[in-house]
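Open the model in your viewer and keep the sequence panel beside it. The tour goes from the whole chain to a pair of helices, then to the core and two residues.

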Amino acid sequence: REERAGSGALLSMLTMVSLLWVWPRGIRGALEAAILANLAITIVMLPDLLRSAKLRLRRDVLKGILSYGLPFLPHHLAVFLLFGADRYFIEYYHGVNEVGLYSYAYRIGMIMSLVLEGASLAWTPFLFSMHKREDARTIHALSARYVMAAIVGTAAIIIVFGDELIKLLAFSAPEYWTAASLVPWITGGYVFLGIYQVFGAAVGIPKRTRLLPVYSITGLIVNLAMNWVLVPKYGTTGAAIATLVAYIAMATVTVIVTQRVYHVPYEWGRLTSLVVSGILIAIFGWMLPDSPFGWMIAAKLGLLIAFPVLLLATGFFKREERERIAALLNRARNAGH
């Protein structure tokens, strides 16, 4: 089997090299060569796979797979439409140029998308790995607080430095700098998308995935309605607000319904202080008056430093967490001396 795998890998490599050398087609040719090379190694390994698979249809297993997996189809379709519907409204009412402006603001929002993707990849497996423990729900609540802190903290950084990020991204196209006004709305939407992901993942534990389309279709309906109302008059700002409202609706339904299906003792007071602190930092950062570049950066960095201080003041951190933070600060101070 190892020899066959080695032969398949060699055949795959030779297929790619031959195709790229004999039939050069640029980037598209590289993709086509990769597909054909993987097809070659699949053909080589297929006999071993069929011999070891012992294929047998079990209706009970098939029923479980279908009941768990089928709801993901309408769910992902609704999410796909939710992500792209605003562009169609903007193009229809205001033209392609406004879509380009909107897309620039969304490029900054994509930073949040990467954070949410990373959090989801780490959070969901962790959630399922410990769900049989007696203290699983307590650990779930505690870890959700940390995940949300990372999401809100990242959002605060993006909103506070949104203007600088847009200018850096569109350095040679000043006409797109006005897209900075959309960054708070879009980033705020991603925060509530994160709330949906963090709190909604628990429906998989009791295998109630049929609720997922309820969440996403709720968001889609709200998004379409809000775009229809706001985009004709307010353009890209209306679309950004519509997306934020849609994610708020989706997150709200997710939290309420999921808690009824699989109750977790979340620390709502601390989570509220986290979100409120993040909103305050974002608002103050966005409302800073125009100043020389150096002063503006210093003021914004000061606001970001104020974020954990505000969390300490509002009781977000527990006593043992505050003690650990104090110990780390003392250690850093002593290292500096």
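A helix here is a DSSP run of type H or I with at least four residues, and helices are numbered from the N terminus. Thr187, a later stop, lies in helix H8. The structure on screen is a predicted model.

**Whole chain**

Select everything and colour by secondary structure. The chain has 12 helices and zero strands. Read from the N terminus, the order of elements is α-α-α-α-α-α-α-α-α-α-α-α. Of its 337 residues, 38% count as buried. Switch on the surface: the accessible area comes to about 19,900 Å², and carbon and sulfur atoms account for 68% of that. As for contacts between residues at least 6 apart in sequence, 77% of them join residues at least 24 apart.

**Helices H6 and H7**

Select residues 136-160 for helix H6 and 162-169 for helix H7. At what angle do their axes cross? The crossing is at roughly 65°, and the axes come within 4 Å. Angles of 65 to 115 degrees count as roughly perpendicular, so H6 is roughly perpendicular to H7. Now show the side chains where the two helices meet. H6 contributes Ile158, Ile159 and Val160 to the contact, while H7 contributes Gly162, Glu164 and Leu165. By type, the residues of this contact are four nonpolar, one polar and one charged.

**The largest nonpolar core**

In soluble globular proteins, nonpolar side chains tend to be buried together. The largest nonpolar core of this model has 72 residues. Pick out Tyr102, Met148, Ile186, Val198, Phe199 and Leu274, the residues with the most contacts inside this core. Which helix supplies the largest share of the core? H6 does, with 12 residues. Other helices that each supply at least two core residues include helix H5 (96-129), helix H9 (212-261) and helix H10 (268-286).

**Ile186**

Select Ile186, one of the core residues just listed. Apart from neighbours within four places in sequence, Ile186 is in contact with Tyr102, Ala105, Tyr106, Gly109 and Ala240.

**Thr187**

Move on to Thr187 in helix H8. Is Thr187 buried or exposed? Buried means under 20% relative accessible area; Thr187 has 0%, so it is buried. Show what surrounds Thr187: not counting residues up to four places away in sequence, Thr187 touches Met112, Ala155, Ile158 and Ile159. Ile158 and Ile159 also appeared earlier, on the H6 side of the contact with H7.

Conventions. Residues are numbered from 1 along each chain as its sequence is written. This is a predicted model: local features need pLDDT of at least 70, side-chain atom pairs count only at pLDDT 80 or more; totals for chains, interfaces and linings use all residues. Side-chain values use heavy atoms; hydrogens and water are left out. Axes are lines fitted to C-alpha atoms, for helices over the stretch in contact, and angles run from 0 to 180 degrees between N-to-C directions. Angles under 35 degrees count as roughly parallel, over 145 as roughly antiparallel, 65 to 115 as roughly perpendicular and the rest as oblique. Contact means heavy atoms within 4.5 Å. Ala, Val, Leu, Ile, Met, Phe, Trp, Tyr, Cys and Pro count as nonpolar, Asp, Glu, Lys and Arg as charged, and the others, Gly among them, as polar. Buried means under 20% relative accessible area, exposed over 50%, partly exposed in between (1.4 Å probe, protein chains only). Accessible areas come from the Shrake-Rupley method with a 1.4 Å probe; for residues, only the protein chains shown count as cover. A nonpolar core is a set of buried Ala, Val, Leu, Ile, Met, Phe, Trp, Tyr and Cys residues joined through side-chain atoms within 4.5 Å.
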